[in-house]
Amino acid sequence: MLSRNSIKTRVTLFTLGIFVGSIWALSLYASRILQDDMQRVLGEQQLSTAAFIAGGIDDDLTDRIKALEAVAASVSPSTISNPAVAQRLLE
């Protein structure tokens, strides 16, 4: 049996402590790096999704504005004065 005060026991326990501490520090560092990387990737993905949806909304609004401009170009003052004709045009 090794005694508690022997140099072999002290060196072994010191080495074990250094090893366990190093493993713990490495796992903490890796988890921090992984968390930062995941946050960055998630942010980029959300930005890409928002840009894609905004592009679709912009296309839809552009189409609707063009349709309104086409209808407005076909409306004459006589059409506005007659509600029945204006309603048929809008329908």
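**Legends: a predicted all-helix chain**

Read from one end of the sequence to the other, the protein chain of this predicted model runs α-α-α.

**View 1. Helices make up the secondary structure of the protein chain, with no strands beside them.** If you count the elements, you should arrive at three helices and zero strands. One of these elements is α1, which covers residues 7-74.

**View 2. The protein chain is stretched out along one axis.** Its C-alpha trace spans about 110 × 15 × 15 Å along the principal axes. The radius of gyration is 36 Å, whereas a compact globule of 91 residues would have a value near 12 Å.

**View 3. Here is the surface of the protein chain, with its few buried residues.** Of the 91 residues, 4% are buried. The accessible surface amounts to about 8,300 Å², and carbon and sulfur atoms account for 67% of that area.

**View 4. Charged side chains of both signs occur on the protein chain.** There are 8 positive and 9 negative side chains to look for. The centre of the positive set and the centre of the negative set are 26 Å apart.

**View 5. A close look at Ser 6, in the segment before α1.** Is Ser 6 buried or exposed? Ser 6 counts as buried because its relative accessible area is 19%, and the cut-off for buried is under 20%. Now follow the chain from Ser 6 to Pro 83: these two residues are 77 residues apart in sequence. In space, their C-alpha atoms are 107 Å apart.

Methods:
Residues are numbered from 1 along each chain as its sequence is written. This is a predicted model: local features need pLDDT of at least 70, side-chain atom pairs count only at pLDDT 80 or more; totals for chains, interfaces and linings use all residues. Side-chain values use heavy atoms; hydrogens and water are left out. Helices (H or I, at least four residues) and strands (E, at least two) are DSSP runs, numbered from the N terminus. The radius of gyration is taken over C-alpha atoms; the globule rule is 2.2 Å times the number of residues to the power 0.38. Buried means under 20% relative accessible area, exposed over 50%, partly exposed in between (1.4 Å probe, protein chains only). Accessible areas come from the Shrake-Rupley method with a 1.4 Å probe; for residues, only the protein chains shown count as cover. Lys and Arg count as positive and Asp and Glu as negative; His and the chain ends are not counted. The place of a charge is taken as NZ of Lys, CZ of Arg, CG of Asp or CD of Glu.
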